[in-house]
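Reader: I would like to go through this model by question and answer. Please give the reasoning first and the value or name last.

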Amino acid sequence: MKRRVLSYVLILWIVLTINFLLPRLLPGDPLAALLDPTNSDYVFDAEVRAALEVYYGLDRPLPEQYGRYLLGAVTGDLGRSIRFNRPVGELIRTRLPWTLLLTGAALTLASLFSLLGGTEAAWRRGTWRDRALVVVAMVVGNAPVYFVGMLLLILFGAELGWLPLAGGRTPFAHYDTPLAAAADIGQHLLLPALTLTLALLGSKFLLVRNNVVGVLGEDFMFILRAKGLPEGRLKWAHALRNALLPFVAHLAAHAGMAITGAVFIETLFNYPGMGRLIFEAVGARDYPVIQGAFLVVSTVVLTANLLADVLNARLDPRLREA
Amino acid sequence: MARHRDLIFGLALLALFVTIALLGDVLAPYDPHAFVGRSLERPSPAHPLGTNDAGQDILSELIHGARISLIVALGAAAGTVALGTLVGGVAGAAGGWLDGLLMRLVDVLMALPRLPLLILLASLLGTGLFQTIAIIALLFWPTTARVVRAQVQSVRRRGYVRMARNFGGGTGYLLRRHILPQIGPLIAASLVSAAAQAVAMEAGLAFLGLGDPTAKSWGLMMRFALNLPGLLLTDRWLWWLLPPGVCVTLLILALAFTGMGLERTSHPQLERRQ
């Protein structure tokens, strides 16, 4: 386990270095463009320009810049947003909880539905219901997530008018009780979370189904059945349980998928999370924000990877030594 | 039978899209860039899917979109698989420290969240069809590399390959005669799954405004449609938003089914488990 943690620290350091080197290596250095009066991206606010120059220390030698950058990243100083003229760290702090709420809700729902549905479908493999579910999972899992989101928006938001069309909560709302606040946030969360759940469900459902089908062919299942174990115990205590390992092993990959989906969904639903922040920053060429957000999102995904590894090792004794 | 059904369905749908892309100039009623009607016309015999806000024919845009998607799919998949096969092949054949180094690189790239990295690269490299292809290939090759490496390693250890080497078979001969035929089907399957991911990513980047702004792609069509205030409150989405969305989904599905079919053809043992 120590080696796993170390390798993640190494990967994080590589991410930090990529983030430092990319803008300096690539043509059309964005920071140079921001400080060049002849360029269209020129920053007119003298104060911001000065802050940028000092923060990035562009006149200093590269190793010193790198050292300052690493120190800043470790202490949470991610530079200043050009557009908002506020520290990037502060922007991210207000946005990150929304994304964690959205991805957390969707991952939980998708895991629950896929474990139940996948096992049931595998149990009835070959029937028309199983086939229909597989086709639906293929379609929903492969359709662009923002397209699925648009269709849900049209149906529940515009046609039926049941749910709000955009945002994380009602603008300028004043809540009397924490409960009212939670209800409003929940109502706004429902459609984006449902969209992301569907997107994740596609691959999760197929994963569980195919693994349970694999377990069903094992000898021990045959013996347990011959022993006269009731159907329910066979299904949940033995078939599903043995298909759990690959499910947990894929949790990290699904966390990455959830982040990708969140970028699109937050853009579509105008949801105030990290994805929306990245999208807005790209539109405004706000490079410090893009880079800061990339760093934070990478850290979150790497942490999820590490947690999945720990969980996996706890479940599977064979992995504990590795 | 099931494996052939997947493959046939996928290939037939794919062939349809390729035909549309190739015959685009003949099939499309108008030049997709030309302003041929009033703004936001409803469907009519002259414009079966109406016109967009700029007065361009939506059906023509849709037909030309197939070309963009397939160009990116082909280019990015070829780049992904070429890089992946090269790295995976070298790592699998060389072993030792080179293998270790290359596989750590693969680990790093696979652990990173792809879309944020894609966005970072796209915003730095600028927008264009070539950049889109290059960025996708640069980020997606590790999957192929991992599979190819595993297969090369396993083939190299097999008895008949070791025997052939002991009888004096050179590296070139072993590659040509034994290793390449064994990884061929794998490469074909990687090519198709990389193409599916490339179609999705191109549409996604265009939707986010990070694609080539002059290429009439399906993702860009959806972006422009959605930018029209209140689009979802009218029925305009039916002919403006729905068709490109359905096309992207169908093309990705065509590639996914082809990939599944290919995988089953090269691994008959999967068949029994279904």
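Reader: Is K235(A) buried or exposed?
Author: This is a predicted model, and the answer rests on computed accessibility. K235(A) has a relative accessible area of 10%. The cut-off for burial is under 20%, so K235(A) counts as buried.

Reader: Which residue forms a salt bridge with K235(A)?
Author: K235(A) lies in helix α10 (residues 231-249) of chain A, and its partner lies in helix α5 (residues 88-123) of chain A. The closest N and O atoms of the pair are 3.2 Å apart. The partner has 25% relative accessibility and therefore counts as partly exposed. It is E120(A).

Reader: How many residues apart in sequence are the parts that K235(A) and E120(A) tie together?
Author: The salt bridge joins K235(A) to E120(A). One residue is in α10 and the other in α5 of chain A, so the pair ties together parts whose separation in sequence is 115 residues.

Reader: Which residue forms a salt bridge with E231(A)?
Author: E231(A) is partly exposed at 41% relative accessibility. Its partner is also partly exposed, with a relative accessible area of 45%. The closest N and O atoms are 3.7 Å apart, and the partner is R225(A).

Reader: In which helix do R276(A) and E280(A) both lie?
Author: R276(A) forms a salt bridge with E280(A), with the closest N and O atoms 3.1 Å apart. R276(A) counts as buried, at 14% relative accessibility. The two residues are 4 residues apart, about one turn of the helix, and that helix is α12 of chain A.

Reader: Which residue is linked with R276(A) and E280(A) in a network of salt bridges?
Author: R276(A) and E280(A) form a salt bridge with each other. The network of salt bridges links these two with R95(A).

Reader: How many salt bridges are found across the interface of chain A and chain B?
Author: A search of the whole structure finds 14 salt bridges over all chains. Between chain A and chain B, 2 residue pairs are in polar contact, both residues being at pLDDT 80 or more. For salt bridges across this interface, the number found is 0.

Reader: What area is buried between chain A and chain B?
Author: The size of an interface is often given as the accessible area lost when the parts come together. Here 47 residues of chain A are in contact with 39 residues of chain B. Carbon and sulfur atoms give 83% of the buried area, which is about 3,800 Å².

Reader: Which element gives the largest share of the side of chain A that touches chain B?
Author: Between chain A and chain B there are 2 residue pairs in polar contact, both at pLDDT 80 or more. The elements that give two or more residues to this side of chain A include α1 (2-25), α8 (178-216) and α13 (287-315). The largest share is 9 residues, and it comes from α13(A). By class, the side has 35 nonpolar, 9 polar and 3 charged residues, and the element asked for is α13(A).

Reader: What area is buried between domain 1 and domain 2 of chain A?
Author: The domain assignment of chain A gives domain 1 (2-75) and domain 2 (95-321). In contact are 15 residues of domain 1 and 12 residues of domain 2. Carbon and sulfur atoms give 72% of the buried area, which is about 1,200 Å².

Reader: Which element gives the most to the side of domain 1 of chain A that touches domain 2 of chain A?
Author: Across this domain interface there are 0 salt bridges, and 2 residue pairs are in polar contact, both at pLDDT 80 or more. At least two residues each come from α1, α3 (46-56) and α4 (62-74) of chain A. With 9 residues, the element that gives the most is α1(A).

Reader: Is S60(B) buried or exposed?
Author: S60(B) is found in helix α3 (residues 58-94) of chain B. Leaving aside residues up to four places away in sequence, S60(B) touches A28(B), P29(B), Y30(B) and P32(B). Its relative accessible area is 0%, so S60(B) is buried.

Definitions and conventions. Residues numbered from 1 in each chain as written. Chains lettered and ligands numbered in written order. Predicted model: local features only at pLDDT ≥ 70, side-chain atom pairs only at ≥ 80, totals over all residues. Heavy atoms only, no water. Contact = heavy atoms within 4.5 Å. Buried area = accessible area lost by both parts, 1.4 Å probe. Salt bridge = Lys/Arg side-chain N within 4 Å of Asp/Glu carboxyl O. Polar contact = N/O pair within 3.5 Å; in protein donor to acceptor, adjacent residues only side chain to side chain. Nonpolar A, V, L, I, M, F, W, Y, C, P; charged D, E, K, R; others polar. Domains from an automatic or database assignment. Buried < 20%, exposed > 50% of the residue type's maximum accessible area, 1.4 Å probe, protein only.
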